[in-house]
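The following note is offered to a colleague who is meeting this structure for the first time. Its points are numbered and may be read alongside the model.

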Amino acid sequence: MIYDAAIVGSGPAGLSAAIVLKMRGKSIIWFGSGDMSQKIEKSAKISNYPGLGTVSGHELNNRFKEHIKELDLEINDRLVTTISNTGNRFMLLANNDVFEAKTLLLATGVVAAKEFPGEAEYLGRGVSYCATCDGFFYKGKTVAVYCANSSYLPEVSYLAGVADKVYLFSPDRNISVKEANVEIQQAGFAGIQGDKKVEAVELNNGEKISVDGVFILRNAISPAKLLPGLEMDGPHITVNRQLQTNIKGCYAAGDITGRPYQITKGVGEGNVAAHEILEYLASEAAESK
Ligand SMILES: Cc1cc2nc3c(=O)[nH]c(=O)nc-3n(C[C@H](O)[C@H](O)[C@H](O)COP(=O)(O)OP(=O)(O)OC[C@H]3O[C@@H](n4cnc5c(N)ncnc54)[C@H](O)[C@@H]3O)c2cc1C
């Protein structure tokens, strides 16, 4: 199936766009977290959302979830790890499955995580963001995994079943695994080294471990890595007032387009982007007649 629109991000910007597109009868595939926005969930008090007075982030997130149910919208709870643009289509890779859409909205929020040294350099040359997509290539080999939190443990288990040895790094000191070939490292993950491809990981105690591949499992992938060729301004995607990016058919909304980082800005931009997507789809349909 080719969807009218793919939305990446389940915060207020993605939600606002999904509402418009759904109400206008468009087919959408919407990726994000079943928890919607972790940022909102964490906010103790939100007092600047018109009409709601003061609510907790948890309460607002729950209202968002109710709205989704009411409209029969569905979030595909997967991390999109790669997007390619084939001219007039977007192909999105999420957990080994490929989804195709005519338009794309990036509403990923800002990427707070800092890249590790070597991460960008060796991406696709031993560095991967998706264990179930690329783990197969490391059958019988040694890999390192940086795991931002325990929600990625199923991917670590998958790697343990394929690779000979897995070195696990995590900022979560309580992380634990059942698999005997997974060795949890107490030292921090400091970077990736290699030549033509990954050869080792560097620890923050100065040690090195030889590995064949590195998996970085965190819920933040820079949009420029997701979709090569996307024009960025620092951590933000460059957009015009129509929320169009430099790639035809690709729009962006919310924190990822720049400051202020505010819920209402995300909601407004998601709405504008969705209307622009509707116009784009209409003009494409007219051209193809
Ligand atoms: C502690 C805190 C308090 C705040 N308080 C307020 C406040 O009181 N008022 C206010 O207006 N704003 C507040 N903010 C800011 C507000 O939360 C953000 O501006 C808003 O959430 C941005 O919405 P967004 O849709 O752009 O992105 P986000 O809310 O960040 O949502 C993006 C979503 O996309 C998902 N995602 C990202 N990449 C991918 C991918 N590759 N594949 C699949 N899914 C992906 C993420 O998991 C995330 O769920 C607060 C922020 C924080 C951190």
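1. Helix H2 makes the largest contribution to the shell around the ligand, with four residues. The model under discussion is a predicted one. H2 covers residues 38-42, and helix H1 (12-23) and helix H7 (263-287) likewise supply at least two residues each to this shell.

2. In total, 33 residues surround the ligand. Those that come closest are Gly9, Gly11, Ser37, Gly109 and Gly254. By class, the residues of the shell comprise 17 polar, 13 nonpolar and three charged.

3. Two of the helices that serve the ligand shell, H1 and H7, also pack against each other, at an angle of about 35° and with 7 Å between their axes. The crossing of H1 over H7 is right-handed. From H1, the contact draws on Pro12, Ala13, Gly14, Leu15, Ser16, Ala17, Val20 and Leu21. Their counterparts in H7 are Ile263, Gly266, Val267, Glu269, Gly270, Asn271, Ala273, Ala274, His275 and Ile277. Sorted by class, this contact of H1 with H7 holds 11 nonpolar residues, six polar residues and one charged residue.

4. The division of the chain deserves attention next. Domain 1 is made of two segments, 2-112 and 220-287, while domain 2 spans 127-217. The contact between them involves five residues of domain 1 and four residues of domain 2. On the side of domain 1 that touches domain 2, two residues are nonpolar, three are polar and none is charged. Taken over C-alpha atoms, the centres of the two domains lie 30 Å apart.

5. An open sheet of five strands is present, with the order E6-E13-E7-E8-E9 and parallel pairing. Its edges are strand E6 (127-128) and strand E9 (182-184), each of which pairs on one side only. Strand E8, residues 165-169, runs parallel to E9 and is joined to E9 by three bridges. Within this pair, Tyr167 has Glu183 in E9 as its bridge partner.

6. Another open sheet contains three strands in the order E10-E11-E12, and here the pairing is antiparallel. Strand E10 (189-194) and strand E12 (208-210) lie at the edges, each pairing on one side only. From one strand to the next, the twist averages 25°. Strand E11, residues 198-203, is linked to E12 by three bridges, and the two run antiparallel. Glu202 finds its bridge partner in E12 at Lys208.

7. Which residues does a cis peptide bond join? They are Arg259 and Pro260, and the omega value is about 0°. Pro260 belongs to the loop that connects strand E16 (250-252) with H7. H7 is the helix already described as packing with H1 and as supplying residues to the ligand shell.

8. A further backbone detail concerns Asn96. This residue is not a glycine, yet its phi is positive, at about 80°. Asn96 is located in the loop between strand E4 (90-94) and strand E5 (97-106).

9. In reading the model, one may begin with the ligand and the 33 residues that surround it, and then follow H1 to its right-handed crossing with H7. The parallel sheet of five strands and the antiparallel sheet of three strands can be examined afterwards. The cis bond between Arg259 and Pro260 and the positive phi of Asn96 complete the list of points.

How values were computed: Residues numbered from 1 in each chain as written. Predicted model: local features only at pLDDT ≥ 70, side-chain atom pairs only at ≥ 80, totals over all residues. Near = placed C-beta within 6 Å. Nonpolar A, V, L, I, M, F, W, Y, C, P; charged D, E, K, R; others polar. Domains from an automatic or database assignment. Contact = placed C-beta atoms within 7 Å. Axes fitted to C-alpha atoms, helices over the stretch in contact; angles between N-to-C directions. Left-handed = near helix turned anticlockwise from the far one by under 90°. Pairing = 2+ DSSP bridges.
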